[in-house]
Amino acid sequence: MPKRNYVQAKKEIEALMLENVDCVAEFGISKWSDVWDSSFETKNILEEGKVIDFTYSEKALSLQSALNEGVEKAMEVARANDTPEFFDYLLGEVKIEGDFKTYNRPHIRTEKKYFNISQGNAKKYYTSKLLLAIVNVAPEGSQAYNIRQSCKELTVLSFGYTHKRVTGVSACIFDFKHISNFVHLEKLELYGLSDWINVDLISNFPDLRELNIEGSKQSNQYQMDERYLKKCTTHLSARLPKNLNIKKISVADVVNVTDPEDLFKI
């Protein structure tokens, strides 16, 4: 039987991802499932009657902020129970592999229900972010620590979810602090990001040889008139540090980069 404090900590983390977001009531949201749709609600940016981009609504930004705070609070709960036994109890069996239910590239996943990031699950950005962050701080002796130490190839799912009436993904900001302890990485793929922060932490990976970056993309399936096509814009606000040993960098759907070498600091 797990210790009583382990059970309580797991309940607190699960609640932060599923139920207890304080600002929900002020938006008149009655069903919890609507929180995830509302947190990625967008409005079109028009130019001469044509949709040239989209932006999150004020409600979506407020909900995103609250959900991100939930991730940070969950991390605090996990750190307060910093034993291998607790992390094994919380995470279950952690795997880094492709899986058709979530994504077909090597990414972190577990069967624990509060880390459910199936393709049809709108909350995947927050649950995958939390799972990654917890595995990143798992203490020596835990199953997650062993997985992290042996990980040489990783794909990070930085997107919110696939919209019901559009193709593509609604991207979010990726924070390198959530993978800072994956020190043996040789290949890293960042998928569906709108921006990244704490980029200098990439220096933690001395063996990194390949970096693949794909920004967000989105278009409307049912409005064939090009005036109504939605498009995402990914702009990477920070450049990579100098003196990395990366041999291959590929970039797609990122508007401020025309040459991968431009990502490096001058």
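**Entry 1: the largest cavity**

I looked up the largest cavity and found about 170 Å³ of space in it. The model I am working from is a predicted one. I searched the whole structure for cavities of 30 Å³ or more, and the search finds one.

Next I asked which residues are closest to the centre of the largest cavity. They are Ser128, Lys129, Leu132, Val156 and Leu157, out of 15 residues that line the cavity. I then noted the elements that each supply at least two residues of this lining: β4 (103–109), α5 (124–137), β5 (153–157) and β7 (172–175). By residue kind, the lining divides into eight nonpolar, five polar and two charged.

**Entry 2: strand β5**

Since β5 supplies part of the cavity lining, I looked at this strand by itself. Is β5 mostly covered or mostly open? It is mostly covered, with four of its five residues buried.

I also looked for a partner strand. β5 is joined to β8 (residues 187–197) by five bridges, and the two strands run parallel. Within this pair I wrote down one position: Leu154 stands opposite Leu188 in β8.

**Entry 3: the largest pocket**

I turned to the largest pocket, which holds about 420 Å³ of space. There are 21 residues in its lining, and the closest to the centre are Gln64, Ala171, Cys172, Ile173 and Ser194. Which elements each supply at least two residues of the pocket lining? I listed β2 (50–56), α3 (58–79), α5, β7 and β8. I had already met α5 and β7 at the cavity. The pocket lining divides into nine nonpolar, seven polar and five charged residues.

**Entry 4: helix α6**

I checked which residues of helix α6 (residues 143–150) are buried, and they are Ala144, Tyr145 and Arg148. They lie on the same side of α6, because they cover an arc of only 100° around the axis. I added a reminder for myself: an α-helix has 3.6 residues a turn, so residues three or four places apart point the same way.

**Entry 5: three asparagines**

I looked up Asn198 first. Its phi is near 55°, a positive value in a residue other than glycine. Asn198 is found in the loop between β8 and β9 (210–215). Its relative accessible area is 41%, so Asn198 counts as partly exposed.

Asn243 also has a positive phi, of about 60°, although it is not a glycine. I found Asn243 in the loop between β10 (217–220) and β11 (248–252). Is Asn243 buried or exposed? It counts as exposed, because its relative accessibility is 75% and the cut-off for exposed is over 50%.

Asn212 is found in strand β9. With 10% relative accessibility, Asn212 counts as buried, since buried means under 20%. I then listed what Asn212 is in contact with, leaving aside its neighbours within four places in sequence: Lys187, Leu188, Glu189, Leu190 and Ser250. Leu188 is the residue I had noted opposite Leu154. I also looked up the separation between the C-alpha atoms of Asn212 and Thr155, and it is 9.1 Å. Those two residues are 57 residues apart along the chain.

**Entry 6: the whole chain**

Last, I took the totals. The chain has six helices and 11 strands. Of its 266 residues, 48% count as buried. I also looked at contacts between residues at least 6 apart in sequence, and 59% of these join residues at least 24 apart.

Definitions and conventions: Residues are numbered from 1 along each chain as its sequence is written. This is a predicted model: local features need pLDDT of at least 70, side-chain atom pairs count only at pLDDT 80 or more; totals for chains, interfaces and linings use all residues. Side-chain values use heavy atoms; hydrogens and water are left out. On a 1 Å grid over the protein atoms alone, a cavity is a set of points where a 1.4 Å probe fits but cannot get out, and a pocket is an open set with protein on both sides within 12 Å along at least five of seven lines; lining residues have an atom within 4 Å of a point. Grid points are joined across faces, edges and corners, and a volume is the space filled by probe spheres set on the points. Ala, Val, Leu, Ile, Met, Phe, Trp, Tyr, Cys and Pro count as nonpolar, Asp, Glu, Lys and Arg as charged, and the others, Gly among them, as polar. Buried means under 20% relative accessible area, exposed over 50%, partly exposed in between (1.4 Å probe, protein chains only). Two strands pair if DSSP finds at least two bridges between them. The arc is that of the directions from the helix axis to the C-beta atoms. Contact means heavy atoms within 4.5 Å.
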